[in-house]
Amino acid sequence: MHTLVSPGMSSAHRFAQRLLHVRPVDVLDETVLVRRCAMYRKVFRLSTLNFPAAVLQSGVVAEWIRRHGVGVEACSVDEVDRALSRGVSAKQIVLHCGSGVDAASVHRAAGAGVLRFRISAAEQLDALDSRSGARLVVDCATAGWEGLAAAVVARPGVELIGVHRHIARPDGVDGADAVIGMVAGLAALSRRHGMVLGQLSLSGVGFGSADDIGATRLAAEVLYEVVGDGCALCRYPRPVLALSPAPEELF
């Protein structure tokens, strides 16, 4: 059986341990933060990376993100504004529309040029103009997400590109099973709507120590293997992975 967590340590233990080691950017050497971001970019070179907007507190990291064109995950319209004020292109930003993001925030972000959204409610979809050209992933951990996905497909001017899930929860849920379930969801949506959805979006995955490239490479190999197994099981082409490390992975 696959596992996406370190052996011998429960998800709850890992989560609690990392929280104890979170430090604000102003007391963390910026070169360390850049090195960790660069390491993730190197290890997950076959994936799309979206770093949390919190890293933009560092001007050095913001400059690195601009230079390399990697993504930024914003969880509020204030974080969208922070990214834009740091010179990050709106095309690099993905707005994660969680419980704290209302329709007005989605509309404002789209007006600022943001094109990538993770949505979990019909109100967030309705806030997007039919000419926005937004590219959407639907949170498949949300009740009724299949219906929301169908609404995206039916809406002109926006595009459904995949599904999203936050899988590293501190409750012992098997991450590998969740990932394979996401592939199955992609396959079912694609067959139902006569299209191929090409993105599997994951946030919060415990990739290992941010300072241990060997452990992180091993985690990447396991993750890619799990996705491959899911694709073989569901007879579905391998999607692009869009990965969002949690802040505690970097700080």
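A cavity, as the word is used here, is a set of grid points where a 1.4 Å probe fits but cannot get out. With that term in hand, the tour of this predicted model can begin at the barrel and return to the cavity later.

**The barrel**

Display the strands as ribbons. The barrel is closed by 8 strands in the order S1-S2-S3-S4-S5-S6-S7-S8, with parallel pairing. From one strand to the next, the twist averages 25°.

**Strand S1 and its two neighbours**

Select residues 48-52, which form strand S1. Because 4 of the 5 residues of S1 are buried, the strand is largely enclosed by the rest of the structure. On one side, 2 bridges join S1 to S8 in the parallel sense; look here for Thr48, whose bridge partner in S8 is Ala242. S1 also pairs with S2, again in the parallel sense, over 3 bridges. To see a position in this pairing, select Pro52, which stands opposite Glu73 in S2. Then follow the chain from S1 through helix H3 (residues 59-68) to S2, a β-α-β crossover that is right-handed.

**From S2 to S3**

Move on to strand S2 (residues 71-74), which runs parallel to S3 and is joined to it by 3 bridges. Ala74 has Leu95 as its bridge partner in S3. The chain passes from S2 to S3 by way of helix H4 (residues 77-85), in a right-handed β-α-β crossover.

**Strand S3 and the step to S4**

Next select residues 93-96, strand S3, and show the side chains. Which residues point each way from S3, and are they buried or exposed? Ile93 and Leu95 point one way, Val94 and His96 point the other way, and all are buried. S3 and S4 run parallel and are joined by 3 bridges. Across this pairing, Leu95 stands opposite Phe117, and His96 stands opposite Arg118. Helix H5 (residues 103-111) completes a right-handed β-α-β unit with S3 and S4.

**The cavity**

Now turn to the enclosed space. A search of the whole structure finds 1 cavity of 30 Å³ or more, and the largest cavity has a volume of about 80 Å³. To outline the lining, select Asn50, Val94, Arg116, Phe117, Arg118, Arg135, Leu136, Val137, Ile161, Gln199, Ser201 and Ala242. Two or more lining residues come from each of strand S4 (116-119), strand S5 (135-139) and strand S7 (199-203). Colouring the lining by residue class shows 6 nonpolar, 3 polar and 3 charged residues. Several lining residues have already appeared on this tour, among them Val94, Phe117, Arg118 and Ala242.

**Two loop residues**

Leave the barrel strands and select Asp212, in the loop between S7 and helix H9 (213-234). Asp212 has a relative accessible area of 36% and is therefore partly exposed, a class that lies between the limits of 20% and 50%. Add Met39 to the selection: Asp212 and Met39 are 173 residues apart in sequence, but their C-alpha atoms are 9.2 Å apart in space.

The last stop is Arg235, in the loop between H9 and strand S8 (240-244). Its relative accessibility is 75%, so Arg235 counts as exposed. What is the phi of Arg235? The angle is near 55°, a positive value in a residue other than glycine. Most residues other than glycine have a negative phi.

Technical notes: Residues numbered from 1 in each chain as written. Predicted model: local features only at pLDDT ≥ 70, side-chain atom pairs only at ≥ 80, totals over all residues. Heavy atoms only, no water. 1 Å grid on protein atoms, 1.4 Å probe; cavity = no way out; pocket = protein on both sides within 12 Å on 5 of 7 lines; lining within 4 Å. Points joined across faces, edges and corners; volume = space filled by probe spheres on them. Nonpolar A, V, L, I, M, F, W, Y, C, P; charged D, E, K, R; others polar. Pairing = 2+ DSSP bridges. Axes fitted to C-alpha atoms, helices over the stretch in contact; angles between N-to-C directions. Buried < 20%, exposed > 50% of the residue type's maximum accessible area, 1.4 Å probe, protein only. Right-handed = clockwise from strand over helix to strand, strands pointing away.
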